[in-house]
Amino acid sequence: NLARYFFTVKNFDAALPLLNKLTYGDIFLQLDAKVTLLKIYYLLDDYDALDANLRAFQQFLHRKKTGLAYHQQNYLNIIACMKRLSTYNKLDKKETAALREYIADLQPLTEREWLQAAVCV
C-alpha cells in the first residue's frame, strides 16, 4: 500500500525500492506491483528497465498459467500496450490515433484509462 501511495503522489524514488523488494504472498498483489513498476519506468523514460521488466513479466505470466484464467490475457494485453506505448512516434498523429484506437478496442484491459492518458495528445 505504501508503494501505491508513493506512485500516486509521483514519488517514484520511494516507490521503486518497495516494489522491487516486496515479498509477495498473493499472486494478484504481485501482478499489480509488476504493472506499477512498468508505469514508473515508462514515466521516468527508463526504457531499458521498462523493456527488461516487460520481458520478465511476460515470462512470469507464461510460467504462472494456472489460476490466472481471464487475468492472464488482461496482463498480456497490458504488456502489449506498454510495448507499443514505449516505441510509438509521438510526433506522428496517425500513429498516435492508431495507438489510441488499439488501446480502446483491446479486451480485456483493466489499465485502459491510464494507458489512454499516457498517449500523447
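I took buried as under 20% relative accessible area, exposed as over 50%, and partly exposed as in between (1.4 Å probe, protein chains only). By that cut-off I find Lys39 buried, at a relative accessible area of 11%.

**Ground rules.** I am working on a predicted model, where local features need pLDDT of at least 70, side-chain atom pairs count only at pLDDT 80 or more, and totals for chains, interfaces and linings use all residues. I number residues from 1 along each chain as its sequence is written, and side-chain values use heavy atoms, with hydrogens and water left out.

**Entry: salt bridges.** I looked for a side-chain nitrogen of Lys or Arg within 4 Å of a carboxyl oxygen of Asp or Glu. The structure has three such salt bridges. Side chains of opposite charge can pair when their charged atoms come close.

I began with Lys39, which pairs with Glu111 at 2.6 Å, N to O. The two sit 72 residues apart: Lys39 in helix 3, Glu111 in the loop between helix 6 (93-105) and helix 7 (112-118). Helices here are DSSP runs (H or I, at least four residues), numbered from the N terminus. I find Glu111 buried too, at 17%.

Next I checked Asp32 and Arg4, whose closest N and O atoms are 2.3 Å apart. Asp32 belongs to helix 3 and Arg4 to helix 1 (residues 2-8), so this pair ties together parts 28 residues apart in sequence. Asp32 is partly exposed at 26%. Arg4 is partly exposed at 45%.

Last came Arg55 with Asp51, at 3.0 Å between the closest N and O atoms. Both lie in helix 4, four residues apart, so about one helical turn separates them. I get 48% for Arg55, partly exposed, and 37% for Asp51, also partly exposed.

**Entry: helix 3 against helix 4.** Two packed helices are described by the angle between their axes and the distance between the axes. I used axes fitted to C-alpha atoms over the stretch in contact, with angles from 0 to 180 degrees between N-to-C directions. Helix 3 and helix 4 (residues 47-63) cross at roughly 160 degrees, and their axes come within 8 Å. They are therefore roughly antiparallel; angles over 145 degrees count as that, and under 35 as roughly parallel.

I then listed the contact, meaning heavy atoms within 4.5 Å. Helix 3 contributes residues including Leu31, Val35, Leu38 and Tyr42, and helix 4 residues including Leu50, Leu54, Phe57 and Leu61. I sorted the contact residues into 14 nonpolar, two polar and one charged. Ala, Val, Leu, Ile, Met, Phe, Trp, Tyr, Cys and Pro count as nonpolar, Asp, Glu, Lys and Arg as charged, and the others, Gly among them, as polar.

**Entry: helix 3 against helix 5.** Helix 3 (residues 27-43) packs on helix 5 (residues 70-87) at about 5 degrees, with the axes 11 Å apart. The two are therefore roughly parallel. Lys39 turns up in this contact, with Phe28 and Leu31 also among the helix 3 residues; Tyr75, Ile78 and Met82 are among those of helix 5. I count nine nonpolar, two polar and one charged in this contact.

**Entry: Asn74.** Where does Asn74 sit? I found Asn74 in helix 5. Asn74 is buried, at 2%. Leaving out residues up to four places away in sequence, Asn74 touches Pro108, Leu109 and Thr110. The C-alpha atoms of Asn74 and Thr110 are 6.9 Å apart, across 36 residues of chain.

Note on methods
Angles under 35 degrees count as roughly parallel, over 145 as roughly antiparallel, 65 to 115 as roughly perpendicular and the rest as oblique.
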